[in-house]
Amino acid sequence: MARLLPVLPLRDTVVFPGMIARISVVPAEAVAAVELHLQSGQPMVGVPLRAALDQPEAADLFEVGCVLRAVRVVRLGDGTVRVLVEGLQRARVGGVKPDPDAGLVAMARPLPDLPGDPAQVELLATRLRDELRALVTDDKTWPPALVRLTEVEEPPGRLADHVIANLTLPWTDKVKLLDTAAVQERLDAALLAVGRERQLRGLERDVHQRIVRTMDKQQRDYFLREKIRGLQKELDEGEEGGGKASWDDTTALEQRVREAGLPEEHLEEVLREVGRLGRMHPDASEYTVSRTWIDWLLAMPWRTSKPENADIKHARQVLDEDHFGLEKVKDRILEHLAVRQLNPEGQAPVLCFLGPPGVGKTSLGRSIARALGRDFQRVALGGMKDEAEIRGHRRTYVGALPGRIIHALKRAGSNNPVMVLDEIDKIGRDYRGDPSSALLEVLDPEQNHAFSDHYLDVPFDLSKVLFICTANVADPIPAALHDRLEIIEIPGYIQEEKLQIARRHLIPRQRQAHGLKEEQLTITDAALEEVIASYTREAGVRNLDRELAALHRKAARQVVEGRTAGLRVHNLDRLKQFLGPPRHFAELAERADAPGIAIGLAWTESGGDILFIEATRYRGAGEGVSLRLSGRLGEVMKESAEAALSLIRSRADALGLKPEDFKGWDFHVHVPAGAIPKDGPSAGVTMVTALTSLLTGRRVRPQLAMTGEITLRGKVLPVGGVKEKVLAARRAGVHEVLLPRQNDNDLVDVPAAVRRELTFHLVDNVDQVLKLGLE
């Protein structure tokens, strides 16, 4: 008679009638079925799953199961339950459906045994007991439950079930036998399973005995490998066929090693490893380690060099095609080519392109490779903290690999590529080592002819590689590494250069990327100049490229929607329509329209920039003088402000100031853009000018920007980054620039067009600064 019972899904164990099994119940629905069984006292039905699922549905369960009774229940702290269950009776399962109390319930109809021919059944049961007794006698490792079956009298059906439950059979086979009601058929299956198990155990024992007989004391370390070979021989994949293939493979590998061009002093070591490889079995873990190492050695371009095109005219043509301006960099590359023609075996220099983002440092390396006809590889060093990234891991570590330098050479396929080491100023260091120290061997021409990667452990000649480093700032580069670099500064582009770069490179590239034709988007020079001046303020052209991409996207959309056959951008109004309102303004007079405000020049990682330094004063609580500073100023900049106030107080008489102008007043100096850290001594003259303007009531000339360090004696000292600062002043619309006289030589690096456009004032002391700076 069918009954509605809670369902306990079985994932790991098929429970047979009469069997005691321990089951871990994890899913909440299954735990609910156990709880309902304990509360109601009615049995539950254990149903095997077709697949291991935490939340099975009706289709995930087999149509057969076993009615169960919980013997013992242990509740764990994580909500799971361990249940010791006893199988009671086979059952046909159907009508599985969800239940709010039990998770799943099903109609379970008892499936009684079909006894069959009594004589045949008894004969099979006797044979099964004999086979089982022989099995457990030969091997003492079987579980006690199986051994007890040979000592007690069990009904034939129950005997077959116990044997099947304790042998290792496929999941589906066990479910099929659970679904088998015929006792004779189950006895046949159990007898077959015991016979197969005896044969496998006997075969394993024979193979083991054969191997033990052939081994001596010196071969005990190879026991597992010999056992595998013995098993392969029994499977007709023996030592003769496999050994011949392995010998042929080793011979071919040895030939490849001899032809790879490895250094002679290390060739014998590699050949010994190849011979050792031939004595290993392919399934051994050491085989994979050795074979991977040999494959890496064979993949390296030990003698493969790409012919170099030393034609200076061709190189000049390629460099001009790819980059506008940058004459200093191009001249240095052409000089290198000239030296290579005169001395082909000379050491290659290590160039370092230093400049703000977006000026084309990495793309210059790619152009140099194209000009020379060499392969190009880029290695990103930013954020690297592990020395093994450069030198590689030792082969003793699991998952060991060579360093990035060796990886790049393998990708290039030649031993003389142009390799760009990007962001060399952003290398870190921690407990895993110092990558910058490892780079010393890579970049030093006196050492890199025998660079040793920890993984390869065979020196590789890097002297033919043309290394090019890139950096935004020189200060973070360690001194020892900086000493090996030839620094070439790329400070940035002026507006005319950006216009030509946009015309020659950026616009054609964006047009191709957006699938537009030339007539579908027209940008006039006036519009381009407006984009450069009003929508970008940078040393490079990265933001300019983004703005041009935005214009091309707008044009692409209008063309696709059929609103226009061609878009023309020719003035600021059209730019406002597509790019929004301007984000940068050149008018500075409005910002310096009151006493106490001066314009300074600063150097940043992204080029130069202008700073507005504002000074004010108010009555203090006491009779003394105090100075307050704000704007995230560094220690050096704070000291410059203190020196500026002390200098003004010491020259009060010459400036027409009285003690009352200081006594009882508190001064506050603020540098806007307070979220950006600022530091350096070059704001000294600007702070002196701003404070003097505040105290005298004379405004600072609005179109004048200045930079320079001051001393307490009133001297103006030279500063760095003059070219970047001058270009920033020009971008901001400044007409006059005040510089220390000792920086006069730095103006040679400023483009002639900028020098003609700006007026430069060179000063020696603060008196000259105030005379030129105040109205």
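**Helix H12 and two cysteines**

Modeller: This is a predicted model. Helix H12 covers residues 327–342, 16 in number, and runs 23 Å from its first C-alpha to its last, close to the expected 22 Å.

Biologist: How do you know what span is expected of helix H12?

Modeller: The rule is 1.5 Å times one less than the number of residues. For the 16 residues of H12 that gives 22 Å, and the model has 23 Å.

Biologist: Which residues of H12 are buried?

Modeller: Val-329, Lys-330, Arg-332, Ile-333, Leu-334, His-336, Leu-337 and Arg-340. Their cover includes helices H11 and H13 and strands E7, E10 and E11.

Biologist: Why is Cys-352 called buried?

Modeller: The cut-off is under 20% relative accessible area. Cys-352 has 0%, so it counts as buried. Cys-469 is also at 0%, so it is buried too.

Biologist: Why is there no bond between the sulfurs of Cys-352 and Cys-469?

Modeller: A disulfide needs the two sulfurs within 2.5 Å. The sulfur of Cys-352 has its closest cysteine sulfur in Cys-469, 5.4 Å away, so the pair is too far apart for a bond. The structure as a whole holds 0 disulfides.

Biologist: How does the radius of gyration of the protein stand against that of a compact globule?

Modeller: A compact globule of 775 residues would have a value near 28 Å, but the protein has 42 Å. The C-alpha trace spans about 130 × 75 × 65 Å along its principal axes.

Biologist: What share of the residues counts as buried?

Modeller: 48% of the 775.

Definitions and conventions. Residues numbered from 1 in each chain as written. Predicted model: local features only at pLDDT ≥ 70, side-chain atom pairs only at ≥ 80, totals over all residues. Heavy atoms only, no water. Helix = DSSP H or I, 4+ residues; strand = E, 2+ residues; numbered from the N terminus. Buried < 20%, exposed > 50% of the residue type's maximum accessible area, 1.4 Å probe, protein only. Contact = heavy atoms within 4.5 Å. Rg over C-alpha atoms; globule rule 2.2 N^0.38 Å.
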